[in-house]
Amino acid sequence: MRRMNQTVGYVIIALGWLLLASCAVFTKTSEPIQAPVPFQETIQPPVPFQEAIAALADDLLNLIKADRTDSTPKDTLRVMLIPFTDAATDEVPLISRQIEALIIAEGSRKFKEFDITRLTSQNISRANYIISGAIRMEWYQGKDAGLSQKYYRVYGAVARATDNKTIGESNRWIADRDINFTPTPIYRDSPLYLTGGRLPSPGKPLPPHRDENISLETTAILIEARMAYEKEDYETAESLFRMAAGRKDGQDMDTYAGLYLANHKLGRLEEAEKAFARLVAISAEKYQSFTVKYLFGVNSVEFLKDKSLEDRYQTWIRNIGKYFQHTSKCLRIVGHSSRTGPKDYNDKLSLERAKSVQAILQKSFPEVFERSEVVGKGFSENIVGTGADDDSDALDRRVELFVIECK
């Protein structure tokens, strides 16, 4: 086997934003913002979900109220929402729909001068402010708590639509453990975690809340496309994803994953495969990695038994193999496991998962054993880290593929 360059680095980032270092619940961004230390003390304890989101909405909408100047329109202020994401994967979970509804309801109740709605390509030209956010599970320890525990924490940020400047942020802890973190349909069906190489490193703070390389106009088109897919209007979804693909800043994984899925649903398999091939190329060339959703059973190196998934896996594997047949690059296959059981067992299990993907790739990539290496990370690089062994920590049972230089 040719030796690989072990010094090749890769950045694992997800959309989100910097955690606040102080105990204050929200700050103006003119104040210094630093990463928090683990188990930091916080003033606000976890509260029920609806109460937490109502408080977050109050914080964010009051930031808008305080930012209003003489040049701000005197009539209704238009506040647009970008769906809140899972900070670990950048996917939109179903709970995001409830967050949006609660922010809109809180605004209608307390801020009559605001018109709050989801961002679309039809209303973007009238937007005064943009609210976006993310949610993830983190360690929490209150003043009097003897033991630290993990709770969901929701983050929100407000930006001016005119100059895209973030004017402030807020966060709240959620006491509920049973919120619906199931991905919305398009993310549930997606072949890759669309963060590419941008998954967050364990224990690291979140970077800025929104990818500023993608314009609000393209963001609005993609939001509408995903909503059309969610409503099973695949023709409209395909048209909108194609529109995004025609924009310079739409040449990203999200766009081509959507084109692949919409065409697959419409039975246009040739078009679906073309879109997937483009998705593979973007992920490899832009992020030097793929985090493919090969779903493993708990304590298993076998994929979950699902006929529809098995059929799609063949397309995914074939196109990844084709990509490497037409490049001189090599491949590093990294297996992971969830945090259940002893370390030695999970190190071995994660390595076997990497080897199983390597073996499957051989059919479409005959040189895979000469041009790849396998590594098992066990649970040392968990993203979720709960050890729940269900859908909520499926990301921890992942296999990542990194594009590296051959030597």
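Me: Among contacts in the protein between residues at least 6 apart in sequence, what share joins residues at least 24 apart?
Reply: This is a predicted model. Contacts between residues at least 6 apart in sequence are the ones counted here, and those joining residues at least 24 apart make up 74%.

Me: How many helices and strands does the protein have?
Reply: Both kinds of element occur in the protein. The count is nine helices and eleven strands.

Me: What percentage of the residues in the protein is buried?
Reply: A residue is called buried when its relative accessible area is under 20%. The protein has 407 residues, and the buried part of them is 55%.

Me: How much area does the protein expose, and what part of it do carbon and sulfur atoms supply?
Reply: The exposed area of the protein is about 18100 Å². The part supplied by carbon and sulfur atoms is 51%.

Me: Which helix gives the most to the largest nonpolar core?
Reply: The largest nonpolar core has 52 residues, and F290, Y294 and L361 have the most contacts inside it. Nine residues of this core come from one helix, spanning residues 269-287, and that helix is α7.

Me: Which residues does F290 touch, not counting residues up to four places away in sequence?
Reply: F290 is among the residues with the most contacts inside the largest nonpolar core. Leaving out residues up to four places away in sequence, F290 touches L192, V280, S283, A284, F324, V399, E400, L401 and V403.

Me: How many residues are in the second, separate core?
Reply: Among the members of this second core are A57, L77, L81 and I99. Its size in residues is 30.

Me: Is the disulfide of C330 and C406 right-handed or left-handed?
Reply: The structure holds one disulfide, and it joins C330 to C406 with an S to S distance of 1.7 Å. C330 lies in strand β9 and C406 in the segment after β11, 76 residues apart. The torsion about the S-S bond is about 110 degrees, so the disulfide is right-handed.

Me: Is C406 buried, partly exposed or exposed?
Reply: Its partner C330 has a relative accessible area of 0% and is buried. Buried means under 20% and exposed means over 50%. C406 has a relative accessible area of 22%, so C406 is partly exposed.

Me: How many residues of helix α4 are buried?
Reply: Helix α4 covers residues 216-230 and reaches 21 Å from its first C-alpha to its last, close to the 21 Å expected. α4 is mostly covered, and of its 15 residues the number buried is 13.

Conventions:
Residues are numbered from 1 along each chain as its sequence is written. This is a predicted model: local features need pLDDT of at least 70, side-chain atom pairs count only at pLDDT 80 or more; totals for chains, interfaces and linings use all residues. Side-chain values use heavy atoms; hydrogens and water are left out. A nonpolar core is a set of buried Ala, Val, Leu, Ile, Met, Phe, Trp, Tyr and Cys residues joined through side-chain atoms within 4.5 Å. Buried means under 20% relative accessible area, exposed over 50%, partly exposed in between (1.4 Å probe, protein chains only). Helices (H or I, at least four residues) and strands (E, at least two) are DSSP runs, numbered from the N terminus. Contact means heavy atoms within 4.5 Å. A disulfide is a pair of cysteine sulfur atoms within 2.5 Å. The expected span of a helix is 1.5 Å times one less than its number of residues. Accessible areas come from the Shrake-Rupley method with a 1.4 Å probe; for residues, only the protein chains shown count as cover.
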